[in-house]
Amino acid sequence: MTPGLTRESYRAISLYAPNRAPAKIDLSDNTNLWGIPPEAMRAISDTALCTVTRYPSLYADGVKEAVADYLHVSPEMVVTGCGSDDVLDSAIRAFGEPGDLVAYPDPSFAMIPIFAKMNGLREISVPLTASGDADAAGYISARARINYLCTPNNPTGTSFLSATIEQIVENTEGVIIIDEAYAEFAAQNCLQLLKLSPRVVITRTLSKAFGLAGLRIGYAVGDPLMVAEIEKSRGPYKISGVAQRAAVAALTDGVSWVDEHVRMTVANRERLAVCLRSIGLESLPSDSNFLLVPVTDANGWDRQLRNMGIAVRPFTSLPRIGDALRISIGPWSMMERCLEALREICK
Ligand code: PMP
């Protein structure tokens with residue numbers, strides 16, 4: 001059997017199983033806590049029966065066109081998937097041979113080492129620098145087939161410097177996957193890097209700023225030849241007909257709703273950071289729709305918050321950070337309830 005692709009390696013994969021128990025206020029998964037663009041809601045409720053009884057477009061051509069218009073690229077540069085999870089998994093499968101290395105920042109999106117193992121690849125973590133940036137030297141010396149970057153990074157919330165990303169693109173030979181799940185909330189993005197190298201692929205999602213997490217829609221943009229490889233490994237029929245309709249509506253007529261709610265998110269994020277400071281909690285600088293807040297005992301604080309009806313995501317022993325809570329940003333009424341509960345714990 002090919003190195004890396006053994007029954008034992010499959011057995012060693014642990015299921016991704018964060019605590020999804022229902023809570024009155026769920027600030028645990030960085031979705032849009034205001035809802036979805038009304039245009040997307042209308043597209044869902046006006047869905048004709050035949051959209052459900054018949055198979056959808058194989059590769060979601062309408063969604064590709066809507067993404068292309070939204071980002072000012074050509075549709076040949078777009079591939080879609082069942083959430084950006086699916087796009088990331090398909091990209092790793094498309095570009096990596098079993099046994100190849102996937103380099104990823106630590107801490108970062110927990111699914112990457114799991115996708116690497118699922119596809120028989122080996123993973124190597126590259127710890128973030130003290131300032132929370134990607135470590136270019138670490139990527140260059142890892143000589144990985146696939147270099148995964150996430151900016152703004154989950155769970156730290158901080159963006160990587162564009163100079164660092166460029167250095168990684170220019171001094172590595174493998175594919176560079178840049179996960180921009182939270183790009184809409186950030187001051188900058190990496191789209192201009194697509195001109196720097198055909199090895200760069202950028203993944204995005206409609207689960208966060210666009211509010212459509214339950215419909216599972218993600219996409220990647222990149223060189224048409226790269227994108228075609230991802231499409232082959234992704235397979236047909238990954239986005240349901242209803243989801244395709246909602247995605248097209250959200251990416252066209254729904255964009256002004258999204259922009260307005262991104263602005264509200266950013267304002268509440270900054271306001272929450274100030275309020276947290278006033279109770280002795282210093283969050284990391286964030287470019288996304290969540291704050292990472294270092295605490296003494298993440299699991300203990302998480303239990304206490306859950307008892308008060310609030311779900312956040314606890315992280316333990318993060319490199320250079322220690323224990324921390326990741327808090328999604330939403331309407332101020334939710335932020336106030338969370339603050340009250342944290343105030344109680346800090347007393
Ligand atoms: N990338 C990052 C950084 C994420 O945080 C998430 C979801 N938590 C995803 C990708 C996957 O999102 P989805 O599959 O919903 O598009």
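**View 1. Polar contacts between domain 1 and domain 2.** Between domain 1 and domain 2, 11 residue pairs are in polar contact, both residues at pLDDT 80 or more. A polar contact here is a pair of N or O atoms within 3.5 Å; within protein, one must be able to donate a hydrogen and the other to accept it, and residues adjacent in sequence count only if both atoms are side-chain atoms. H11, E9 and E11 each bring at least two residues to the side of domain 1 that touches domain 2. The largest share of that side, seven residues, comes from H11. Helices (H or I, at least four residues) and strands (E, at least two) are DSSP runs, numbered from the N terminus.

A word on the model: it is predicted, so to speak of a local feature takes pLDDT of at least 70 and side-chain atom pairs count only at pLDDT 80 or more, while totals for chains, interfaces and linings use all residues. Residues are numbered from 1 along each chain as its sequence is written, and side-chain values use heavy atoms, with hydrogens and water left out.

**View 2. The two domains and the area they bury.** Domain 1 takes in 21-35 + 255-346, and domain 2 covers 39-251; these bounds come from an automatic or database domain assignment. Their C-alpha centres lie 25 Å apart. Together the domains bury about 1,900 Å², 59% of it on carbon and sulfur atoms. That is the accessible area (1.4 Å probe) that two parts lose on being put together, summed over both. On the domain 1 side, Val 255, Asp 287 and Arg 320 lose the most area to domain 2, together 27% of what that side buries.

**View 3. An open sheet of three strands.** The strands run in the order E9-E12-E11, with antiparallel pairing; two strands pair if DSSP finds at least two bridges between them. E9 (290-294) and E11 (313-318) stand at the edges with a single partner strand each, so one side of each has no neighbour in the sheet. Five bridges join E9 to E12 (residues 322-328), and Pro 294 sits opposite Ala 324 in E12.

**View 4. A salt bridge inside helix H5.** Here the side chains of Arg 93 and Asp 89 meet in a salt bridge (3.2 Å, N to O). The term means a side-chain nitrogen of Lys or Arg within 4 Å of a carboxyl oxygen of Asp or Glu. Both residues lie in H5 (residues 83-95), four residues apart, about one turn of the helix. The whole structure has 11 salt bridges, but across the interface of domain 1 and domain 2 there are zero.
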